[in-house]
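User: I want the reasoning behind the labels, one label at a time. Start with the contact between the chains.

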Amino acid sequence: MATGKHDQRALSLHDAMGCESLPHGWLQLPHGAEAMKRILCLWIAGACGLPADSCVLPADSSAAPAGDAHSAYAKQSAWDARQQQSSLRSRPRSNFQHGLRFGVGCGDIVPGAAQQSAERQSWPTTLHQLAQLCRQFSPTVGVIGADAPDSLLLDVTGTAHLFGGEAALAEQLAGQIIRYFAGDPPATTKQPGSDAAEVYGAIADTPGGAWAVAHWCRAGCWPAEWMCGSGRLVIVPPGRTPAALRRLPIQALRAEGETMEMLNALAIRWIGQLEALPRGELAARFGQRLLDRLDQALGRLAEPILPLESPPSFAAELTLCYPTGNREYLEAILQQLLCQVSGQLREAGSGAMQLRCELRCGSRDGAVVQENTAVSENRSGNRSSTQTLRLELGLFEPLCDATQLFQLLSLQMERLRLPGPVSSVHVEATITARLPQQQPRLFVGETAGGDRRQLAVLINRLCSRLGWHCVLGVQLQPEAQPELAFCYVPLIVPSLADPKGTALREHLPRLSTRQQTGGRASVLCEKSVLCENMSFSENISHAATNPGRKSGCVHIEMPVRPLRLLRQPVAVESSFAPSRSSAALCSETQRTAEDSLPPQFRWQGRLYCVRYAWGPERIETGWWRGRPVGRAYYQIETITGCRLWMFRQLGDGRWFVHGLFD
Amino acid sequence: MQPSAIKSPLPGNLPQAQNQPARDPHLSPAPPNNVLENLRQRLARLEKLYNRTGNKIVSTGCAALDRVLPGGGFPCGSLVEFLASDDGSGTVELALRAARQACQDGKPLVVIDRPGQFYPPAAVCIGIQPRQLLVVQPHSQADEHWAIDQAMRCPAVGAVLAWPGTIDQRTFRRLQLAAEHGGGLGLLIRPLSARREPSWAQVRLVVEPLPGGTSRKRRLRIELLRCRGTADKRTLEVKLGQEAEDGDWQT
């Protein structure tokens with residue numbers, strides 16, 4: 001096996017660069033290497049695992065392996081330290097500056113990044129989307145293992161020629177990935193290899209080898225003819241994978257931390273060094289796992305690609321040969337499609353949380369032009385000859401019953417004005433959730449789940465007809481300013497495509513500031529709503545399980561508040577001329593409400609005579625919001641017994657009516 | 001009403017038929033007071049009483065009012081109409097006290113708030129948990145009536161509070177049927193101008209505020225305009241306190 005001399009030769013990087021002077025020992029690939037698979041590995045740098053600049057060889061690495069172990073160790077430890085630092089520091093930068101919109105693991109490490117996590121989707125979702133993107137290049141798309149979730153592996157054996165060779169395939173793929181991360185429409189794509197996203201790729205014979213080369217793609221030790229895609233892609237020619245691996249550090253084997261430490265302690269830095277060691281001792285000292293990794297990378301042991309399943313889509317579509325505007329037909333079609341979708345949902349054990357139904361309508365003259373933009377109802381009817389009417393259905397609880405879904409959709413259908421005959425109908429469950437386990441019922445009409453289920457049905461119905469912004473739960477807020485002391489939370493997932501959603505502020509005047517700020521209100525809403533939704537239903541069910549608790553006993557201590565609060569305080573015209581009725585009460589009024597309470601005032605064209613007032617309750621708050629509020633509130637009773645909630649503005653002493661004790 | 005016509009030949013009336021000859025002789029010499037009393041009893045029997053559907057009766061949240069009502073409260077599965085004499089009259093507070101009782105087992109209170117001026121913290125003050133509140137803000141009257149109907153029809157809802165301005169008879173009847181179906185308490189706040197309109201509500205109350213003393217407790221005059229099961233119109237004065245209510249009633 002490997003002798004000392006052999007070892008020296010094998011580790012010489014200059015020899016390895018030549019690729020011709022490879023030792024012909026056990027390092028050589030077994031017979032049938034030309035039949036070896038070709039694997040493409042894509043590494044999305046900085047997205048999930050290692051930082052983008054971590055996998056760069058030391059500048060003078062070529063001298064390191066064969067040179068003295070001491071200097072190599074010093075360099076290595078310096079490199080390790082840099083890696084640790086950069087893994088903490090450079091991650092957010094590489095994530096956000098380079099246009100990686102969706103990120104992940106870094107949110108846990110970097111405090112600032114956590115704030116942005118609301119607008120980002122989870123890494124697994126992104127990975128699935130990327131895998132979907134990659135499926136056009138290869139039928140097998142997956143990951144190599146749980147320890148390397150930032151890389152996608154494609155089996156491109158026998159598919160490269162379809163795209164004009166491996167280099168062309170890799171560049172096309174990299175371009176698509178970069179476009180995905182840039183998030184731009186295809187018209188404004190950047191050239192592959194630009195700085196939009198840090199994507200590195202490699203094609204090698206083995207998954208492990210491709211992973212290693214992709215991660216050390218910028219190591220600067222590859223022959224120029226292997227490189228393409230402006231230095232981001234390395235294509236290792238068939239059969240050269242062991243040679244390529246030999247010049248990489250042992251980190252490229254994805255070994256465990258303990259093993260790495262041990263290897264470090266023994267000054268074994270390079271795969272070539274490791275390879276030169278006797279196999280038996282290697283396994284005994286470092287465990288079989290390391291040896292397996294080595295064998296897998298070199299192609300002596302099979303390494304599976306764990307395929308990423310495409311996320312299931314629950315959709316059904318029907319294209320009509322003869323477009324129709326007949327509602328009965330359309331409803332029948334809708335029922336049929338909903339049955340299909342609900343069947344798919346039931347099979348997967350999940351229910352729809354949001355359902356989208358798209359009706360593509362042609363114009364009256366019958367010309368149907370393919371246009372994918374969704375045009376809202378009643379708008380631009382004469383501009384385009386095709387409109388896509390979109391019905392969005394949000395649901396309080398996951399639902400997969402076709403009849404109920406149809407009832408909810410028909411609530412919207414009946415208000416819809418069709419601009420023309422419908423040429424195709426598409427139904428899709430856009431958001432799904434796991435369906436709670438339910439005992440099937442023997443008799444039709446017997447509803448399972450009791451109150452909670454029925455409440456969900458009610459909320460679904462209300463939301464479906466009135467819109468999600470009209471059906472609200474209540475959350476008290478720790479705010480002194482009365483109009484901010486609570487916020488309404490929508491009970492279902494607001495639909496992002498809902499045109500009414502843009503008018504969020506008008507519909508929900510007292511929506512919490514958390515949801516109002518920023519242009520991405522809807523995204524934030526979705527998050528918060530889901531939590532609120534859950535807590536609301538949990539609360540309801542919790543309360544239902546404890547019926548013995550009397551709500552009267554649980555009395556929340558709160559200051560006196562009116563049941564009707566005007567949206568805006570209304571200034572009143574106060575008249576200080578003592579009228580006959582209020583003159584007698586003046587003294588009493590003054591006693592309780594300082595000296596400035598008007599004995600009578602005019603509001604909405606009516607004259608109110610103050611009989612008594614309780615107060616003041618001073619509220620001075622909101623300076624940090626930029627709209628300081630200083631008010632002295634009084635509960636005022638008029639001589640007829642009506643009670644109003646008024647305040648005196650502390651700055652200018654004006655009087656406002658703010659509420660009514662209805 | 002229609003149900004009474006159906007139920008009149010039922011066994012409930014048989015003893016009455018036997019009593020008829022016994023009562024007849026002293027009907028003519030009896031003083032008119034007695035005649036009226038007899039007629040009242042017969043009317044009550046014909047109307048098949050207050051709680052026709054046999055639902056649970058919930059307290060109104062006001063002891064004095066409970067004493068006046070035949071079952072000791074509002075029957076679930078029915079509509080209660082509050083006619084508010086003025087803004088700031090305390091009517092909604094009275095209604096919410098009944099809603100609190102109806103929602104005691106954790107059922108939600110649906111508030112159909114078309115003007116968007118309902119202030120939930122005040123409801124919390126009265127004793128309704130924020131998590132029980134479900135506020136619906138429809139934009140049109142048709143939507144409002146539909147939402148009331150839907151909410152009333154849902155058996156999971158404890159009570160529905162709404163401010164329907166004008167309701168036509170068909171809609172009103174539909175709401176009443178929905179309440180019977182769902183079994184919740186429908187609390188409708190309407191202006192006093194609706195006093196002359198026919199109503200399908202089980203109980204109609206006119207609420208007027210009275211100027212109180214220096215106490216924060218409100219004084220209200222409640223006029224029992226209509227109540228199935230009792231034929232007499234009563235007016236009572238109640239005092240709404242924060243914790244317990246004390247009130248005296250007068251006919």
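User: What makes a residue part of the contact, and how many does each chain give?

Analyst: The model is predicted. Two residues are in contact if their C-beta atoms, placed from the backbone, lie within 7 Å. The contact takes in 53 residues of chain A and 51 residues of chain B. On the chain A side, elements giving two or more residues include helix H19 (521-545) and strand E17 (606-621). H16(A) supplies the largest share, eight residues.

User: How do the residues of the chain A side that touches chain B divide?

Analyst: They divide into 31 nonpolar, 11 polar and 11 charged. Gly counts as polar here.

User: Why are E12(A) and strand E5 of chain B called paired?

Analyst: Pairing needs at least two bridges between the strands. Three bridges join E12(A) to E5 (residues 133-136) of chain B, so the two strands pair. They run antiparallel. Leu472(A) has Val135(B) as its bridge partner.

User: What makes strand E5 and strand E7 of chain A edge strands?

Analyst: Each pairs on one side only. The open sheet has seven strands, in the order E5-E6-E4-E1-E3-E2-E7 (chain A), with mixed pairing.

User: How do you know that strands E4 and E6 of chain A pair, and which way do they run?

Analyst: At least two bridges are required. Three join E4 (residues 199-204) to E6 (residues 233-235) of chain A, so the pair qualifies. These strands run parallel. Gly201(A) stands opposite Leu233(A) in E6(A).

User: Which helix packs on that sheet, and at what angle to E4(A)?

Analyst: Helix H7 (residues 166-182) of chain A does, touching E1, E4, E5 and E6 of chain A. Its direction makes about 155 degrees with that of E4(A).

Note on methods. Residues are numbered from 1 along each chain as its sequence is written. Chains are lettered from A and ligands numbered from 1 in the order in which they are written. This is a predicted model: local features need pLDDT of at least 70, side-chain atom pairs count only at pLDDT 80 or more; totals for chains, interfaces and linings use all residues. Helices (H or I, at least four residues) and strands (E, at least two) are DSSP runs, numbered from the N terminus. Axes are lines fitted to C-alpha atoms, for helices over the stretch in contact, and angles run from 0 to 180 degrees between N-to-C directions.
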